[in-house]
Amino acid sequence: MADHDDWADLLRRANAGESADARAALAQFLRAVSPAIRTILRARGGALPPDQHEDVLQEVLLAIHLKRHSWRPEAPVRPWVHAIARYKLIDACRRRGAAIHVPIEPFVETLADPHQMPPFSGRDADRLLARIDARSAALVRAVALDGESAEAAGAPLGLSAGASRVALHRALSRLRQIVKG
């Protein structure tokens, strides 16, 4: 933690004015934080090629230089530096089209199963479908809930492909009106 106290002292001196001491303190501060920023970039910048980490480091150091007056002297320096590094890394990944992959294995037990319907949705759908005619309800159920095409859903009802699509559109419009109240 002593390093971070030194960081705060250097940044205070750098923000003190335009003297030679302030410029020297800023240069010393930027040299002191560079290894910590490199560590952040290595740890979180896996989506970027390692040779681009130095480019991002330069962007972070420039942002620190330009925004150093936004740091509040009573606040800790480390989180401020880490936030700038994190945002610059995210910006670099976006610019370069890189995706950041986060493994979900540790969260499998808490994530919802995407194939499992929410418990009340079936009941709600049945209530809504009961408020329209049986043919329209059968079409909506087949297409929206069972995943059939409009043509395949209309064939058992004796509807042509075009008539099936029109009937489905009308049924969905009626359901929208019912939901709007």
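## Leu175 in helix H8

Let's start with one residue. Leu175 has a relative accessible area of 11%, and since buried means under 20%, Leu175 counts as buried. This leucine sits in helix H8. Please keep in mind that the model is predicted.

Which residues does Leu175 touch, once its neighbours within four places in sequence are left aside? They are Leu128, Leu129, Ile132 and Val140. Leu175 can also be paired with Arg131: 44 residues separate the two along the chain, and their C-alpha atoms are 8.3 Å apart.

## How H6 meets H8

At what angle do helices H6 and H8 pack? Helix H6 covers residues 134-145 and helix H8 covers residues 161-180; the angle between them is about 95°, and their axes lie 9 Å apart. Angles of 65 to 115 degrees count as roughly perpendicular, so H6 is roughly perpendicular to H8. On the H6 side, the contact is made by Arg135, Ser136, Leu139, Val140 and Val143. H8 contributes Ser164, Ala167, Leu168, Ala171, Leu172, Arg174 and Leu175, the last of these being the buried leucine we began with.

## The chain as a whole

Now for a step back. The chain has 8 helices and 0 strands, so reading along the sequence gives the pattern α-α-α-α-α-α-α-α. Of its 181 residues, 30% are buried. Among contacts with a separation of 6 or more, 58% join residues that are 24 or more positions apart. The accessible surface comes to about 12000 Å², and carbon and sulfur atoms account for 57% of that surface.

## Helix H2 and its bend

Helix H2 runs over residues 20-44. Its 25 residues should span 36 Å at 1.5 Å a residue, and the end C-alpha atoms are indeed 36 Å apart, so expectation and model agree. Where does H2 bend? The place is Ser34, with a bend of about 35°, and a proline, Pro35, follows within four residues.

The buried residues of H2 include Ser34 itself, along with Ala22, Ala25, Leu26, Phe29, Leu30, Val33, Ile37, Ile40 and Leu41.

## Leu10, a link from H1 to H2

Helix H1 spans residues 2-14 and holds Leu10. With a relative accessible area of 7%, Leu10 is buried. Setting aside residues up to four places away in sequence, Leu10 touches Ala25, Gln28 and Phe29; of these, Ala25 and Phe29 are among the buried residues of H2. Leu10 and Ala32 are 22 residues apart along the chain, with 9.3 Å between their C-alpha atoms.

## Arg68 and helix H4

Is Arg68 buried or exposed? This arginine lies in the loop between helix H3 (53-67) and helix H4 (77-95), and its relative accessible area of 8% makes it buried. Beyond its neighbours within four places in sequence, Arg68 is in contact with Leu11, Ala14, Asn15, Glu18, Leu26 and Trp80. Leu11 is 57 residues away from Arg68 in sequence, yet the C-alpha to C-alpha distance is 7.6 Å.

Trp80, one of those contacts, is also one of the buried residues of H4. The others in that helix are Val77, Val81, Ile84, Ala85, Leu89, Ala92 and Cys93. H4 has 19 residues and reaches 27 Å from its first C-alpha to its last, close to the 27 Å expected at 1.5 Å a residue. After H4 comes Gly97, with a positive phi near 70°.

Technical notes
Residues are numbered from 1 along each chain as its sequence is written. This is a predicted model: local features need pLDDT of at least 70, side-chain atom pairs count only at pLDDT 80 or more; totals for chains, interfaces and linings use all residues. Side-chain values use heavy atoms; hydrogens and water are left out. Helices (H or I, at least four residues) and strands (E, at least two) are DSSP runs, numbered from the N terminus. The expected span of a helix is 1.5 Å times one less than its number of residues. The bend at a residue is the angle between axes fitted to the seven residues ending there and the seven starting there. Buried means under 20% relative accessible area, exposed over 50%, partly exposed in between (1.4 Å probe, protein chains only). Contact means heavy atoms within 4.5 Å. Accessible areas come from the Shrake-Rupley method with a 1.4 Å probe; for residues, only the protein chains shown count as cover. Axes are lines fitted to C-alpha atoms, for helices over the stretch in contact, and angles run from 0 to 180 degrees between N-to-C directions. Angles under 35 degrees count as roughly parallel, over 145 as roughly antiparallel, 65 to 115 as roughly perpendicular and the rest as oblique.
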